Amino acid sequence: MDPIYSNTAVSPELMTRLRAMPKVELHVHLEGATDAATVWELARRNQVTLPASTLEEWQSMYAFRDFDHFIEIYLLAADCMQTPADFAFMTERFLAQQAQHNVKYCEVFLSASILLDKLPPAEVIAALAETIRQGEATHGVQLRFIPDISRQVPDSQYRVLEFVLAGQEEGIFIGLGVGGKEIGFPPELFTDVFAEARRQGLHVVAHAGETDGPQSIWGAIHSLQAERIGHGVRAIEDDQLVDYLRQSQIPLEVSPYSNYRLKVVPPDQPHPIRALMDQGVYVTVNSDDPPMFSTDLTSEYVLLARQGFSWDELWQLSLNALEASFLPDEAKAAYRAEWKTFARA
Ligand SMILES: [Zn+2]
């Protein structure tokens with residue numbers, strides 16, 4: 001039993017419809033979307049020792065005490081990913097998973113600060129470019145990457161930017177992000193690199209207001225001019241910020257299961273996405289690190305249905321993600337037509 005708050009029974013028909021609903025995902029990490037069995041396989045392949053003697057034991061370590069513990073496990077998993085071929089393999093598996101949830105397009109984070117410590121940038125870009133080209137044909141899922149800076153490694157920020165610019169030329173990287181430990185590493189540390197990224201025509205997004213409070217979101221808006229906020233749920237603690245977000249319609253990339261699993265939201269409380277949406281804030285639904293949080297994109301929508309969201313509201317959330325994506329206008333229009341076809345069926 002999932003001990004997470006719910007007040008509404010969801011019919012099997014609605015679950016089936018939510019799975020079939022076309023989706024766009026804007027906040028998901030490639031490394032965190034790699035399941036325990038794949039990490040285990042990569043560890044063996046690359047002779048990396050994990051602090052577990054069986055796959056089951058490794059899997060059981062995905063019960064996180066808090067955000068710092070999650071980062072610890074995330075870094076152990078990332079350590080098993082050692083070659084460009086590993087990243088291609090993970091991307092292919094990820095696309096197959098996304099196809100099962102009828103995800104048509106996704107913008108995916110890559111933990112570039114960590115990756116660049118061990119991998120040749122040009123080879124990674126070539127491997128990823130080839131995989132997403134093939135993956136689009138095989139699975140019908142389009143993918144673009146947003147490499148991000150790990151805040152706890154601020155020294156890596158210009159190397160990450162250089163990497164993003166190289167992948168932008170290949171057409172597979174579309175923006176720069178910042179993630180990792182929010183407390184102690186505020187957005188202001190990255191003001192200049194974000195300004196440079198914007199000058200170079202990159203989109204910019206930032207995790208903020210997850211483990212840290214509203215001031216972190218204000219920083220992401222004012223110092224980084226983030227076009228979307230990753231999580232942002234702690235905006236709810238600041239009325240002025242909620243007002244600002246309503247007026248500016250800066251989208252929040254909300255990941256409900258992630259917030260429950262990392263104890264950002266208590267399990268017996270409804271998720272604050274309800275209150276944010278009711279106050280006119282632009283919200284979207286995402287899975288963040290799905291196998292690490294025992295979720296997937298369909299389950300995120302089902303959870304909201306269990307918390308009383310109507311079909312129309314869930315459908316609107318799906319449209320919100322499409323509209324808040326960085327897809328070029330023409331591509332967006334084509335998907336819009338697909339969404340309309342689904343709605344009429
Ligand atoms: Zn995230």
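# Exercises on a predicted model

The model holds an open sheet of 8 strands in the order β1-β2-β3-β4-β5-β6-β7-β8, with parallel pairing. It is a predicted model: local features need pLDDT of at least 70, side-chain atom pairs count only at pLDDT 80 or more, and totals for chains, interfaces and linings use all residues. Residues are numbered from 1 along each chain as its sequence is written. Helices (H or I, at least four residues) and strands (E, at least two) are DSSP runs, numbered from the N terminus.

## Exercise 1: the sheet

Task: find the edge strands of the sheet, then describe how β5 and β6 pair and which helix packs on them.

Solution.

Step 1. Two strands pair if DSSP finds at least two bridges between them. The edge strands, each pairing on one side only, are β1 (23–29) and β8 (283–285). From one strand to the next, the twist averages 25°.

Step 2. Strand β5 (residues 203–208) is joined to strand β6 (residues 228–231) over 4 bridges, in the parallel sense. In this pairing V205 stands opposite R228 of β6.

Step 3. Helix α10 (residues 214–222) packs on the sheet and touches both β5 and β6; its direction makes about 170° with that of β5. Such angles run from 0 to 180 degrees between N-to-C directions, and axes are lines fitted to C-alpha atoms, for helices over the stretch in contact.

## Exercise 2: two helices

Task: describe the packing of α1 and α14.

Solution.

Step 1. Two packed helices are described by the angle between their axes and the distance between the axes. For helix α1 (residues 12–20) and helix α14 (residues 297–306), the axes come within 9 Å and cross at roughly 140°.

Step 2. Angles under 35 degrees count as roughly parallel, over 145 as roughly antiparallel, 65 to 115 as roughly perpendicular and the rest as oblique. α1 and α14 are therefore oblique to each other.

Step 3. The crossing of α1 and α14 is right-handed; this term applies if the near helix is turned clockwise from the far one by less than a right angle, and left-handed if anticlockwise.

Step 4. Residues are in contact if their C-beta atoms, placed from the backbone, lie within 7 Å. On the α1 side are L14, M15, L18 and R19, which meet T298, Y301, V302 and A305 of α14. These contact residues divide into 6 nonpolar, 1 polar and 1 charged. Ala, Val, Leu, Ile, Met, Phe, Trp, Tyr, Cys and Pro count as nonpolar, Asp, Glu, Lys and Arg as charged, and the others, Gly among them, as polar.

## Exercise 3: positive phi

Task: place H231 and S294, and state whether each is buried or exposed.

Solution.

Step 1. Most residues other than glycine have a negative phi. H231, not a glycine, has a positive phi of about 75°; for S294, also not a glycine, phi is positive at about 50°.

Step 2. H231 is in strand β6, and S294 is in the loop between β8 and α14.

Step 3. A residue is buried if 20 or more other C-beta atoms lie within 10 Å of its own, exposed if 12 or fewer, and partly exposed in between. H231 counts as buried because 28 C-beta neighbours lie inside 10 Å. S294 has 12 other C-beta atoms within 10 Å, so S294 is exposed.

## Exercise 4: V39

Task: describe the surroundings of V39 in helix α2.

Solution.

Step 1. Helix α2 covers residues 36–45. V39 is buried because 27 other C-beta atoms lie within 10 Å.

Step 2. Leaving aside neighbours within four places in sequence, V39 is in contact with T34, A77 and C80.

Step 3. V39 and D86 are 47 residues apart in sequence, and their C-alpha atoms are 9.9 Å apart in space.

Note on methods. Contact = placed C-beta atoms within 7 Å.
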